[in-house]
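User: I should like a close look at a single part of the model shown below, with the relevant cut-offs stated. Please give one connected account.

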Amino acid sequence: MPSPPDSTSRDVSADVELIDVTKRFGSVTAVDHVALQIERGSFYSLLGPSGCGKTTTLRMIAGFEQPTSGEILIAGVPVAGVPPYRRNVNTVFQHYALFPHMDVARNVGYGLRQVGVTRDEEQRRVGEALDLVRLSGYDRRRTWELSGGQQQRVALARALVNRPTVLLLDEPLGALDLKLRKEMQLELKGLQQELGITFVYVTHDQDEALTMSDVIVVMRDGRVQQQGSPEALYERPVNRFVAGFIGQSNTIAGRLSGLDLDGGMASVETPTGLVLNGRITDHGARPSIGDEAIVAIRPERLEIAPGTPSPTAGWTSVAGRIHQETYLGDQTEYRLATDLGQLVARRAHHGHAETTTVRSGESISVRWPDDANLVLVA
Ligand SMILES: Nc1ncnc2c1ncn2[C@@H]1O[C@H](COP(=O)(O)OP(=O)(O)OP(=O)(O)O)[C@@H](O)[C@H]1O
Ligand SMILES: [Mg+2]
């Protein structure tokens, strides 16, 4: 939770703070009452679908846009009216416009020349920055002689050369192919840890966010849906949107038939009469008996066995059939037709001995423990 807007009692470990920030463009509300506390030295990702307000949030931190209301603090200091070049923040944009008429070294040194460092100093720091992004020796190359990944690294070196305390990155790997993107993800994460600077990273790719981040904030329609560690978002998504956006989930609809709000537990009765018991992940929610609810279950929690289900306390078991089986290299995905509708199960392969005893078309039982049931009331 954000601390009260009292600049004398700022938590100094927050490097960037947004207090109830809203941004409107005419009738469009791009960012809607957003509160964020981004800790110093953390890798913080803004994740959400196209148009949810990620870039606008980043541009306000950078100083290219002003909030319609609310306040932004960098290193504990309000930055309203402070122009971008006077904030200790640099941005790497999705379209990392390098200057085509300058070689690599001059591109990287651009920000240093703007503030008038000596030529020796510029050369030294450009060398260091190129070292960091593993492009030593590329000083005199022209930008069009570089691959996409190398150009991206030049853009990164250019943003790092004047040692910002915060680096803002807007889908910086969007233009790269999958393999290079994966490599650059690891490099960026390594660089961030090595330098200890705060990264605010915009992406709409959940895998990317999960791999790289200390904290992810999931946005939708300008609003924060949930923020937390990758594990927290995956294990305890607070609503249907987050459950669907982070990873894959089976969802079963029903109505609340039992509630223990203090214990955070609920029972959901499905239209078939089956009752599922599970955790309510949204601690702020105040649902009532009879309300519609969704039970979300991660595919890897489903267990499949041949034969008919046998009821076990603390487990849900249903009958079904394997509809489709897809080999995915490190795991197999099963599409199951069950009494509760279509479900997806995933089984990881341990070692190379595949011991699947079930086949497509076969009658099976599917079961999962109650603690796999996430009860979503919104
Ligand atoms: N300068 C502007 N003028 C008017 N509307 C804008 C402007 N910039 C952004 N918007 C609107 O604000 C909303 C949020 O846009 P934003 O660029 O922040 O989204 P995003 O999450 O970065 O999306 P994407 O993943 O597509 O880049 C959108 O509806 C967009 O059309
Ligand atoms: Mg954007």
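Which element gives the largest share of the lining of the largest cavity, and how many residues does this element give?

Analyst: Helix 1 supplies the largest share of that lining, with 4 residues. This is a predicted model, in which local features need pLDDT of at least 70 and side-chain atom pairs count only at pLDDT 80 or more, while totals for chains, interfaces and linings use all residues. Residues are numbered from 1 along each chain as its sequence is written, chains are lettered from A and ligands numbered from 1 in the order in which they are written, and side-chain values use heavy atoms, with hydrogens and water left out.

The cavity itself comes first. Rolling a probe the size of a water molecule over the atoms shows where empty space is left. Here the search runs on a 1 Å grid over the protein atoms alone: a cavity is a set of points where a 1.4 Å probe fits but cannot get out, a pocket is an open set with protein on both sides within 12 Å along at least five of seven lines, and lining residues have an atom within 4 Å of a point. Grid points are joined across faces, edges and corners, and a volume is the space filled by probe spheres set on the points. Over the whole structure, 1 cavity of 30 Å³ or more is found, and the largest cavity holds about 40 Å³ of space. Its lining consists of Thr-55, Leu-58, Arg-59, Ala-62, Phe-64, Thr-91, Phe-93 and Asp-170. By class, these residues divide into 4 nonpolar, 2 polar and 2 charged, where Ala, Val, Leu, Ile, Met, Phe, Trp, Tyr, Cys and Pro count as nonpolar, Asp, Glu, Lys and Arg as charged, and the others, Gly among them, as polar.

The helix that contributes so heavily to this lining spans residues 54-62; helices (H or I, at least four residues) and strands (E, at least two) are DSSP runs numbered from the N terminus. Helix 1 is mostly covered, 7 of its 9 residues being buried; buried means under 20% relative accessible area, exposed over 50%, and partly exposed in between (1.4 Å probe, protein chains only). The buried residues are Lys-54, Thr-56, Thr-57, Leu-58, Met-60, Ile-61 and Ala-62. Of these, Leu-58 and Ala-62 also line the largest cavity. Directly after helix 1 comes Gly-63, with a positive phi near 100 degrees.

Helix 1 lies across strand 1, strand 2 and strand 4, and runs at about 120 degrees to strand 1. Contact is taken as heavy atoms within 4.5 Å; axes are lines fitted to C-alpha atoms, for helices over the stretch in contact, and angles run from 0 to 180 degrees between N-to-C directions.

These three strands belong to an open sheet of 4 strands in the order 2-1-4-5, with antiparallel pairing. Strand 2 (28-39) and strand 5 (77-78) are the edge strands, each with a single partner strand, so one side of each has no neighbour in the sheet. Strands of a sheet pair through backbone hydrogen bonds, either parallel or antiparallel; two strands are taken to pair if DSSP finds at least two bridges between them. Strand 1 (residues 14-25) is joined to strand 4 (residues 69-74) by 5 bridges in the antiparallel sense. Along this pairing, Leu-18 is opposite Ile-72 and Thr-22 is opposite Ser-69. Strand 4 is in turn paired with strand 5, antiparallel, over 2 bridges, and Leu-73 has Pro-78 as its bridge partner there. The hairpin of strand 4 and strand 5 has 2 residues between the strands, and Ala-75 in it takes a positive phi near 50 degrees.

The open space of the model offers a further view. The largest pocket has a volume of about 750 Å³ and is lined by 25 residues, with Val-89, Asn-90, Thr-91, Gly-111 and Asn-162 lying nearest its centre. The elements giving two or more residues to this lining are strand 6 (89-92), helix 3 (110-114) and helix 5 (148-160), of which strand 6 gives the most, 4 residues. The classes represented are 16 nonpolar, 6 polar and 3 charged residues. Thr-91 thus appears both in the pocket lining and in the lining of the largest cavity.
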